Amino acid sequence: MKKTLLVILAAAGAALAQQAQDPDFARLVKEWTTRPEFISPLVDHLPKANGIPSPKDVLGYYVGTPKKLTHVADLLRYYRALESASKRVKILPAGTTDEGREQVVVAISDQDTLRNLETYKGDLAKLADPRGLSADQAKQIVAQAKPIYMFTGGLHSAETGPPEMLMELAYRLAAEDGPLFDQIRRNLIVMIAPVLEPDGRDRYVDWYYRHKINEETEADSVGGPPYWGKYIYHDNNRDINYSQITMRNWLKFYLEWHPPIMHDLHESVPFMYTFSGQAPQNPTLDPILYAELPWLSNFEMTKMFGYGMPGVWDHGYVDMWSPGYLGFMSSNHNGMLRMYETFGNGGANTMKRIVAPEPGSGPPGANQTTREWYRPLPPYKEVVWSMRNNTNYMETGVLSALEIASGYAKTLLQNFYEKSRNSIQSGSTEAPFGYVLPAGQPDMTRVAFIVNILRLQGIEVGRANSEVKLKEGAFPAGSLIVKLNQPYGRLAKILLEKQVYPDQNLRTYDDAAWTMGLMSYAEVQEISDKAILEVPVQPVDTLSVPGSIQGTGSLLAVLHNGSNSLVTLRYRLRDVKFEAVEQPFKSGDTEIPAGSFLIQSTPRARSEIENLGLKAVALSAAPSVPRHDVDLPRLAMFSTWGSTQDVGWVRYAFDHFEIKYDLIYKERIRQGNLRASYDVIVIPNQGRGSAKSIVFDVASKGKPIDYTKSAEFPSLGAYGESSDITGGMGLEGVVELDKFAKSGGVLITLGASSFLPAEFGLTTTIDAQRASPQFYAPGPIVEAEITQPSNPIFYGYSQKTVPVRYANGPLLRVPQDDRKKEVLMRFPGTEKSVLSGLMRGVAEIRDRPAIVDVPSGRGRVLMFSTNPCYRWQNLGEFNMLANAILHFNDVPKSSSSATAE
Ligand SMILES: [Zn+2]
């Protein structure tokens, strides 16, 4: 009997060591991998595990099968099947997207760990906020805690591989035996966000099956669908203020679970780039982070070179300056953002790819096939690449990452604790010690915007109960106080401070500046007086600004103090007569600024004013200052089909502020007779920085490209439909825009779209030029001077100079004789006028117009070289656009020949 038992145990041991394998997987994966060196022993096989379904068991195909992409519902169907079969898998809810799709995170660990998930969650919460923990207590928590290592894929919908790979990863983590997998399951809690942008994933997969599945070469490619998610396409990775619901849900999840590592999987460069946090680095983040990043990326390179996989590199691409990328929610909160870019074909077809750029194309460093110290085994210049190659690289990388993370789990936890502790400590030892957003600012709605974004980020904000006296000055009771001796104090500093760019010679991957006070035109005072840490405050959960109405009388003067809620009020009361005063006047002690509205006092008006946080004064009679009706225009917003992203930000802002508009495309423009339908057409920044790219848009390759909804492709045709998105408005469209303006319409162009009227002759007197190649301005905040303060677009702006985000729009030139009447705002263009971030070659913008208003027949063209609606950030500038819409037919005679109609 004893002997028999031993035999059985031995057999079981052998079974453990030799887990049954899926021979079809091994054979097919070998076939789909285009070169023998593009695979590793980690992913060349797939074990069978009794009762635990592999992706193929549920979906009918292996991950990496050519010409197979998986819709969101099927991804979730797989994870749910895995969860119900394995006690090592648990699905956590994370919210609902714009279009109503489910957001989930899949947790995988050993059975015991998952059973005690709430305990581990509590441990990480304590390490994330270690206030009150002694060093010994912290040590004890580190000893018992387990780090969450969270993978995220599918933020960018054209980057199709990660959501596929993650299913296979989940299966291996749940089902594969062996020391590596035991160590990972024992020491880590792996979390997987299967797809960060579910709406875009479904739209892209539909598009792939409709248009891309038969593509054989790069030259064949039709590009992507006009939309991914609802509004902002690729910029879902630049949504620094978390405007988008889907992205906001991920931040909420992060702040609930505190994963010390978040690893965001992207696709672009060959064959795999693993982020190491290069310069320019934000110096406010912890030095430990900057040591951790190359530690891990170098380990992955080491392992992958060991497997003989070429083309892995970890420097010379993305830097650590801007905090606005989605995955930076982790670094920003004392965790660690990791990132891959794996090579992909924008679908699931196997294709020959030319990887080395043509000589002379692209900036220096664009060639990713050269040998460098950080790329000792470079990618090949030409390669046949497959979806399975992509899976092999990424999965080998993440398994190597999990190998080192599970081997050093306690180090990672200790680091997480130390980064959190250091953030609190540096806020009490190094100036600045805090920020004050003073109460009593003319428009508190923009103060509330900042405070509520800080709150969303988990930053503590307090309200002072009484007057606060600091070296920097006295601030009234009710002022908002941000103390930096808190776990996310460093993030508060990063968001609120002026960005001092560390080295003029360094380029950065995205924006150089984002200072919230400058962007929002709200006063934010940096405080170096340590006494701020002792100011008694009431914690603020969400800051709401109640409106106020003083006095009694049948007429209300609603103060124009720059609030973006004013345009909302106008639209909410669209059936009510509104007038605007053209000059300031006084009512008692209250100064009523130019641009303030006059409306009849009704219960509905009063309640909207209060809801919107506006200020009004009741008058018994109309003031004796000039005034005009505030009519609402019939408004359209033009979008190309090929470049909807920046239009999406304006759509988002208009929707948020309840501005009503039609979204129109080339089809409506070409139809003509625009003036019969519209008073104002806004052309947001779009295209590839040239007027031609707006006019001719998506190139036709001889066959129509259809973006319409159908039973087979239900996610297409959203936000606009076209039976052929190619060709652009063409010259005939330009003629229609010209007719529109000449017959009394107002054409408003933002940012690079202002090249269009200048270069296609809608404004024959205005030239649009480009800066020299030496000029470099990655979104700094610069000063602009208002040259015509009485123009209605500046209602609510009381300063002569204002901060604007530099948009790299055209350098406009207006004939000398017309400048006085046509230039509304200009750039001083001095070193001193760069307020935050980097502008190299500032003299090139010296005295250039920032906004011009040019008559055209009976109408006019209002050209912004700035972009007053940039990524839900520069809300201080937005009012210029709102005013331009509300006062479209009220331009002073001196600055235009347009007549009110
Ligand atoms: Zn990406």
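The legends below describe close-up views of a predicted model. Residues are numbered from 1 along each chain as its sequence is written, and side-chain values use heavy atoms, with hydrogens and water left out. Because the model is predicted, local features need pLDDT of at least 70 and side-chain atom pairs count only at pLDDT 80 or more, whereas totals for chains, interfaces and linings use all residues.

**View 1. The zinc ion and its protein donors.** The zinc ion has the protein donors H156 (ND1), E159 (OE), E159 (OE) and H266 (ND1), at 2.1 to 2.3 Å. Donors are N, O and S atoms within 2.8 Å of the metal (3.2 Å for Na, K and Ca); water is not among the atoms, so sites may look incomplete. Along the chain, the donors of the zinc ion have the spacing H-x2-E-x106-H. The four donor atoms subtend angles of 58 to 148° around the zinc ion, so the arrangement is irregular. Four donors count as tetrahedral if all angles lie between 85 and 135 degrees; four count as square planar and six as octahedral if opposite donors are over 155 degrees apart and all others between 65 and 115; anything else is irregular. Both H156 and E159 are buried. Buried means under 20% relative accessible area, exposed over 50%, and partly exposed in between (1.4 Å probe, protein chains only).

**View 2. Packing of helices α4 and α8.** Helix α4 (residues 72–85) packs against helix α8 (residues 161–175) at an angle of about 5°, and their axes are 11 Å apart. The two helices, α4 and α8, are therefore roughly parallel to each other. From α4, the contact involves L75, Y78, Y79 and L82; from α8, it involves P163, L166, M167, A170, Y171 and A174. Contact means heavy atoms within 4.5 Å. Helices (H or I, at least four residues) and strands (E, at least two) are DSSP runs, numbered from the N terminus. Axes are lines fitted to C-alpha atoms, for helices over the stretch in contact, and angles run from 0 to 180 degrees between N-to-C directions. Angles under 35 degrees count as roughly parallel, over 145 as roughly antiparallel, 65 to 115 as roughly perpendicular and the rest as oblique.

**View 3. An open sheet of five strands.** The strand order is β18-β13-β17-β14-β19, and the pairing is antiparallel. At the edges stand β18 (525–527) and β19 (537–539), each with a single partner strand, so one side of each has no neighbour in the sheet. On average, neighbouring strands of this sheet are turned by 30° against each other, direction ignored. Strand β14 (residues 462–464) pairs with β19 in the antiparallel sense over three bridges. R463 has Q538 in β19 as its bridge partner. Two strands pair if DSSP finds at least two bridges between them.

**View 4. An open sheet of six strands, with helix α20 lying across four of them.** The order is β20-β26-β21-β25-β22-β27, with mixed pairing. β20 (548–550) and β27 (627–629) are the edge strands, and each pairs on one side only. Strand β21 (residues 555–558) and strand β26 (residues 615–619) run antiparallel and are joined by four bridges. L556 has A618 in β26 as its bridge partner. Helix α20 (residues 603–611) lies across β20, β21, β25 (597–600) and β26, and runs at about 130° to β20.

**View 5. The surroundings of V647 in helix α21.** V647 belongs to helix α21 (residues 645–657). With a relative accessible area of 1%, V647 is buried. Not counting residues up to four places away in sequence, V647 touches M637, F638, S639, L663, P684, N685 and Q686.

**View 6. Two cis peptide bonds and two residues with positive phi.** Most residues other than glycine have a negative phi, and most peptide bonds are trans. A279 and P280 are joined by a cis peptide bond with omega of about -5°, and P280 is in strand β7 (residues 278–281). A431 and P432 are also joined by a cis peptide bond, with omega of about 0°; P432 lies in the loop between α15 (409–429) and β13 (434–437). Y233, not a glycine, has a positive phi of about 50° and sits in the loop between α10 (198–212) and α11 (245–257). D847, also not a glycine, has a positive phi of about 65°. D847 is in the loop between β37 (834–836) and β38 and, at 43% relative accessibility, counts as partly exposed.
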